[in-house]
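Please open the model in your viewer and keep the sequence panel beside it. The stops below are meant to be selected one after another.

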Amino acid sequence: MYSAGHASCSRQRIITSNALSLGVTSNAFRLGVIGLPTTTGSTGKIFSTVSVVLKRQLQASRLLFTMVDSQYFLPNDIGISALDCTEAFRLLSPREKLYAHYLSRSAWYGGLAVLLQTSPESASIFVLLQRLFRKQPAAQLESMATAAGLSPEEYQAFLVYAAGLYANMGNYKSFGDTKFIPNLPKEKLKALVWQSQAFQDSPSEMEALWDSCSTLLFSLEDQQKQLGLGDKGVTTYFSGNCCLEDAELAQKFLDSKNLSAYNTRLFKNKSEEGKASYEVRLASAEQKDCAVDGEGESRCGRYDFEDCVFMVSRGDYAYLMKKVSENLEKAKDHAANENQKRMLEEYAQSFTFGSIEAHKEGSRFWIKDKGPIVESYIGFIESYRDPFGSRGEFEGFVAVVNKAMSERFAKLVSSAEVLLPELPWPKDFEKDRFLLPDFTSLDVLTFAGSGIPAGINIPNYDDIRQSEGFKNVSLGNVLAVAYATQKDKLTFLDEEDKDMYIKWKGPSFEVQVGLHELLGHGSGKLFVQDEKGNFNFEQDNVRNPETGEQITTWYKGNETWDSKFSTISCSYEECRAECVGLYLCLNKHVLSIFGHEDEDAKEVVYINWLNMVRAGLLGLEFFTPESKSWRQAHMQARFVILRVLLEAGEGLVNLKESTGKDGCPDALITLDRSKVHTVGKAAIERFLCKLQVIKSTADVEGGRALYEGYSAVSDTGSHNFLRLRETVLLRKEARKMFVQANTRVKGESVELVEYEGSAAGLIRSFTERFADDAEEVEAHLLELNKRDAPCWC
């Protein structure tokens with residue numbers, strides 16, 4: 001996220017009983033009484049003094065309340081925009097529309113697994129909302145809300161909460177992993193449920209559904225405020241009795257059996273014959289653990305490992321995986337070529353049997369499918385939300401190529417082999433051969449999962465990326481609405497910078513995304529010794545450019561970047577890619593590819609760097625002081641870059657705390673444009689080289705020391721980042737949500753069904769998305785959720 005908004009000291013909000021559990025007011029009250037004079041004249045004067053001080057402390061406590069509490073609500077005026085894909089869809093042939101339709105259905109069914117991957121209560125809340133709004137659309141339910149005693153603001157807060165749950169596929173923010181709860185009293189929401197038509201039709205079922213999720217729906221106990229492992233937060237990738245040591249042991253086991261963690265969850269069971277016992281559960285439609293027809297060799301079974309027992313089973317999300325595979329098979333009938341058919345066959349095999357090897361094979365055919373009109377990808381892809389950094393969250397997208405914008409990215413691809421040698425590491429640390437990838441700009445039709453990114457570089461399998469290639473996509477219609485900025489909501493910038501920022505943010509971000517995805521994630525070599533003892537680098541000759549010494553560490557056997565660097569891998573890699581974007585945007589040839597010359601090119605560079613340091617400051621929102629942990633990989637990366645550029649000194653970046661016109665804490669960040677090409681470039685060059693050398697050589701210890709050092713947030717040193725974090729929270733702007741269209745087969749054609757960009761529109765899009773089999777889908781979701789409920793205690 002690259003924007004944060006303004007919030008006044010007197011931010012209006014609806015306080016629920018949960019706010020009282022934070023204990024802020026009582027502490028602030030006590031602090032206000034300490035040190036009061038007790039013999040300063042008349043009793044009346046003392047009482048007057050007490051009254052003034054207490055009044056001030058009450059105001060301060062309200063301000064602190066707002067800063068702490070508003071993190072866990074979605075504001076009523078949150079931005080909600082419809083993703084426009086009308087023209088892109090209209091231009092598709094009838095066959096392409098059918099292909100896109102069935103791929104979308106597959107993605108939407110699979111996306112429901114994210115509810116089960118997020119929190120114990122997400123699936124039940126989803127079903128509760130679906131049943132309410134299937135019976136009564138938002139406009140009709142409003143009269144029930146009035147009868148239940150809700151004010152218009154409270155009903156809007158409920159609609160925003162529902163929209164947020166759908167957009168994030170759970171009750172934790174996809175960007176930041178913070179819990180959000182309804183911004184109205186629990187009793188009033190319960191009254192609304194009881195007034196609803198859904199309750200009148202099925203009172204016992206609705207009451208049971210409410211009872212199953214209402215406590216966690218509103219709870220803000222410390223551990224439940226964010227996602228995390230063990231006592232650091234909530235996760236359903238691991239059973240509730242797992243800790244970091246269990247995750248590390250499981251990763252060793254998986255590596256020893258050449259099993260990927262991407263499509264797994266880990267459950268710790270009761271000890272077996274005095275040995276710790278674990279279940280590694282694979283996501284699959286097939287629920288039998290033995291080999292079945294069409295599969296080949298099964299990886300399921302019982303294994304003894306390091307005096308522990310591991311049982312590899314399958315059937316996680318079985319109903320959903322079956323729906324995914326069925327729709328992939330239907331899409332195959334409308335595929336444009338043999339690569340697409342083989343790709344879909346392998347994907348269906350993967351989701352049927354829980355095979356990552358089949359998904360990797362499908363990804364190989366996907367890479368070979370150059371320049372398709374309808375682009376897609378589906379699976380357990382990104383590991384950002386696994387606290388250990390190895391398990392993938394389900395996502396699937398379907399999009400249509402934007403030919404005009406794609407031409408620019410194609411030019412960047414053709415220049416890649418010229419630009420790669422410009423990166424600040426020796427050639428031995430670069431891939432032996434850069435495999436020219438597809439790089440296209442797409443208009444999203446469907447993006448199922450917890451959130452929608454601006455750009456993607458996939459697949460994430462290291463062995464395929466290193467030797468066979470990858471693809472890059474930029475999501476054009478997402479960029480068009482996600483990063484639009486209003487001047488009055490621009491925080492922490494000088495007034496002179498704001499107009500330029502608004503004008504050049506879009507063009508500069510397009511350049512940064514292109515470089516980040518293609519030459520950031522697409523660059524760099526991993527030094528590997530395979531199982532036969534063969535090296536992919538000259539072990540005796542390659543030297544570490546930082547020390548001049550011979551390389552002594554590398555990846556062995558089945559080790560991967562994710563498995564070695566685990567908890568820091570995602571953010572570290574995003575930081576490396578962001579640094580590549582900053583470094584190469586200084587290249588005039590790159591800027592000319594995107595149509596920027598002379599003075600315009602200078603403005604693009606300035607705003608790109610200014611945007612990055614501002615984003616680093618905004619990133620403080622996603623740091624949790626209590627656990628000293630970061631909740632968002634990209635924002636941690638941008639904070640690290642801010643630290644690097646502040647450390648460079650010489651006035652390159654200045655960050656000052658101040659008081660705003662509203663009397664509240666504020667800050668100002670500035671960048672000296674005259675020093676970007678000198679001081680700035682040199683700082684990023686040094687840091688980027690370190691990042692790549694550490695990554696190439698699998699130097700986990702050095703990587704953690706470097707990255708965690710720059711990620712530290714404290715109140716000491718030249719900047720009080722903990723205090724700045726409070727300012728950022730005070731003035732933050734909620735991340736936008738997107739309303740996506742549905743497709744519907746009507747006769748022999750496919751029609752596009754679009755919705756308004758509002759909370760009601762987003763809700764309606766989801767209730768109509770599963771209209772044909774809603775009750776079946778909801779019943780299976782509840783059954784899947786019920787099966788695992790004992791595991792989270």
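Begin by selecting Gly362, which sits in helix α16 of what is a predicted model. Gly362 counts as buried, at 0% relative accessibility, and once its neighbours within four places in sequence are set aside, its contacts are Met343, Glu346 and Tyr347. If you would like a sense of scale, add Glu708 to the selection: the two residues are 346 apart in sequence, and their C-alpha atoms are 36 Å apart in space.

Now widen the selection to two helices, α15 (residues 338-353) and α16 (residues 356-368), which pack at an angle of about 160° with their axes 8 Å apart. Because an angle over 145 degrees counts as roughly antiparallel, α15 is roughly antiparallel to α16. The crossing of α15 past α16 is left-handed. To show the contact itself, display the side chains of Asn339, Arg342, Met343, Glu346, Tyr347, Gln349, Ser350 and Phe351 on α15, together with Ala358, His359, Glu361, Gly362, Ser363, Phe365, Trp366 and Lys368 on α16. Coloured by character, the residues of this contact fall into six nonpolar, six polar and four charged.

For the next stop, select helix α29 (residues 759-769), which is mostly covered, with eight of its 11 residues buried. Which residues of α29 are buried? They are Ala759, Gly761, Leu762, Ile763, Ser765, Phe766, Thr767 and Arg769. To see what covers them, bring in the surrounding elements, which include the strands β1 (80-82), β17 (737-739) and β18 (742-746) as well as the helices α5 (94-111), α7 (122-135) and α9 (152-168).

Keep α9 and α29 on screen and hide the rest. Their axes are 9 Å apart and meet at an angle of about 50°, which makes α9 oblique to α29, and α9 passes α29 in a left-handed crossing. On the α9 side the contact is made by Leu159, Val160, Ala162, Ala163, Tyr166 and Ala167, and on the α29 side by Ala759, Leu762, Ile763, Phe766 and Thr767. The residues of this contact divide into 10 nonpolar, one polar and no charged.

Move next to His521, in the loop between α21 (495-520) and β11 (528-529). Is His521 buried or exposed? At 11% relative accessibility, His521 counts as buried. Leaving out residues up to four places away in sequence, display what His521 touches, namely Asn457, Arg465, His516, Glu573, Glu574, Arg576 and Ala577. A second distance to draw is the one from His521 to Gly757, which spans 33 Å from C-alpha to C-alpha, across 236 residues of sequence.

Another buried side chain to visit is Gln251, in helix α13 (residues 244-256), where its relative accessibility is 6%. Apart from neighbours within four places in sequence, Gln251 is in contact with Ala261, Phe388, Ser390 and Ser563.

Some backbone details come next. Most residues other than glycine have a negative phi, and most peptide bonds are trans. Against that background, select Ile458 and Pro459, which are joined by a cis peptide bond with omega of about 5°; Pro459 lies in the loop between β9 (455-458) and α19 (462-467). Then go to Glu306, which has a positive phi of about 45° although it is not a glycine, in the loop between β4 (301-305) and β5 (308-316). Phe492 is also not a glycine and has a positive phi of about 70°; you will find Phe492 in the loop between α20 (476-482) and α21, where it counts as buried at 4% relative accessibility.

Finish with the cysteines. How many disulfides are there? With sulfur atoms required to lie within 2.5 Å of each other, the count comes to zero. Select Cys213, which is in no disulfide and whose nearest cysteine sulfur, that of Cys793, is 15 Å away; Cys213 is buried, with a relative accessible area of 0%. Cys579 is likewise in no disulfide, the nearest cysteine sulfur being that of Cys575 at 4.3 Å, and Cys579 is buried with a relative accessible area of 0%.

Terms used: Residues are numbered from 1 along each chain as its sequence is written. This is a predicted model: local features need pLDDT of at least 70, side-chain atom pairs count only at pLDDT 80 or more; totals for chains, interfaces and linings use all residues. Side-chain values use heavy atoms; hydrogens and water are left out. Axes are lines fitted to C-alpha atoms, for helices over the stretch in contact, and angles run from 0 to 180 degrees between N-to-C directions. Helices (H or I, at least four residues) and strands (E, at least two) are DSSP runs, numbered from the N terminus. Angles under 35 degrees count as roughly parallel, over 145 as roughly antiparallel, 65 to 115 as roughly perpendicular and the rest as oblique. A crossing is left-handed if the near helix is turned anticlockwise from the far one by less than a right angle, and right-handed if clockwise. Contact means heavy atoms within 4.5 Å. Ala, Val, Leu, Ile, Met, Phe, Trp, Tyr, Cys and Pro count as nonpolar, Asp, Glu, Lys and Arg as charged, and the others, Gly among them, as polar. Buried means under 20% relative accessible area, exposed over 50%, partly exposed in between (1.4 Å probe, protein chains only).
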